[in-house]
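Here is a friendly walk through one protein chain. Have a look at the sequence and the fold, and then let us go through some charged side chains and backbone details together.

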Amino acid sequence: MAKKVINCPNGHGKMLIKKSTKRMKFRGVDINFQAEHYMCPVCSLEAGSIEQTSATQRAISDAYRKAVKLLTGKEIREGRKK
């Protein structure tokens, strides 16, 4: 994934890429997932590129599937290859 330079919309300059563990309730189930996003070191505003947002959606989906004992996207693809 190509890294872009994103500036803080609040005028604080360049935002840095940060990876973090997020927690949320999805379809009534508490899940934890990894997310990558841009963050302003001054005001802590978070923003994401289209690619990061897509990866976050996959991470949420896989975390939910694991929590309710379903196959993850990767496990489904591996099963199809077999």
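Is Lys 25 buried or exposed? With a relative accessible area of 54%, Lys 25 is exposed, because the cut-off for that class is over 50%. Please keep in mind that this is a predicted model.

**Salt bridges**

The count of salt bridges comes to 4. Asp 30 takes part in two of the pairings described here: one with Lys 25, where the closest N and O atoms are 3.6 Å apart, and another with Arg 23, at 3.9 Å. Through these shared partners, Arg 23, Lys 25 and Asp 30 are joined into one network. Asp 30 itself is partly exposed, at 43% relative accessible area, while Arg 23 counts as exposed at 58%.

Another salt bridge brings together the side chains of Lys 4 and Glu 51, with an N to O distance of 3.8 Å. This pair links distant parts of the chain: Lys 4 sits in the segment before strand 1 and Glu 51 in helix 1, 47 residues apart. Lys 4 is partly exposed, with a relative accessible area of 43%, and Glu 51 is partly exposed too, at 39%. As a general point, side chains of opposite charge can pair when their charged atoms come close.

**Two loop residues with positive phi**

Most residues other than glycine have a negative phi. Arg 27 has a positive value although it is not a glycine, and so does Lys 69. The table sets out their phi angles, locations and relative accessible areas.

| Residue | Phi | Location | Relative accessible area |
|---|---|---|---|
| Arg 27 | about 55° | loop between strand 1 (16-26) and strand 2 (29-39) | 65%, exposed |
| Lys 69 | about 65° | loop between helix 1 and helix 2 | 73%, exposed |

**A buried threonine and a positive patch**

Where does Thr 56 lie? Thr 56 belongs to helix 1, which spans residues 50-67. Thr 56 counts as buried because its relative accessibility is 19%, and the limit is under 20%. Leaving aside residues up to four places away in sequence, Thr 56 touches Phe 33, Ala 35 and Glu 36.

On the surface, Arg 58, Lys 74, Arg 77, Arg 80 and Lys 81 form a positive patch. Which helix gives the most to the positive patch? That is helix 2 (residues 73-81), with 4 residues. Arg 77, one of the patch members, lies in helix 2.

Terms used. Residues are numbered from 1 along each chain as its sequence is written. This is a predicted model: local features need pLDDT of at least 70, side-chain atom pairs count only at pLDDT 80 or more; totals for chains, interfaces and linings use all residues. Side-chain values use heavy atoms; hydrogens and water are left out. Helices (H or I, at least four residues) and strands (E, at least two) are DSSP runs, numbered from the N terminus. Buried means under 20% relative accessible area, exposed over 50%, partly exposed in between (1.4 Å probe, protein chains only). Contact means heavy atoms within 4.5 Å. Patches are made of residues with over 30% relative accessible area and no salt bridge: like charges are joined within 9 Å, nonpolar side chains (Val, Leu, Ile, Met, Phe, Trp, Tyr) within 5 Å. Accessible areas come from the Shrake-Rupley method with a 1.4 Å probe; for residues, only the protein chains shown count as cover. Lys and Arg count as positive and Asp and Glu as negative; His and the chain ends are not counted. The place of a charge is taken as NZ of Lys, CZ of Arg, CG of Asp or CD of Glu.
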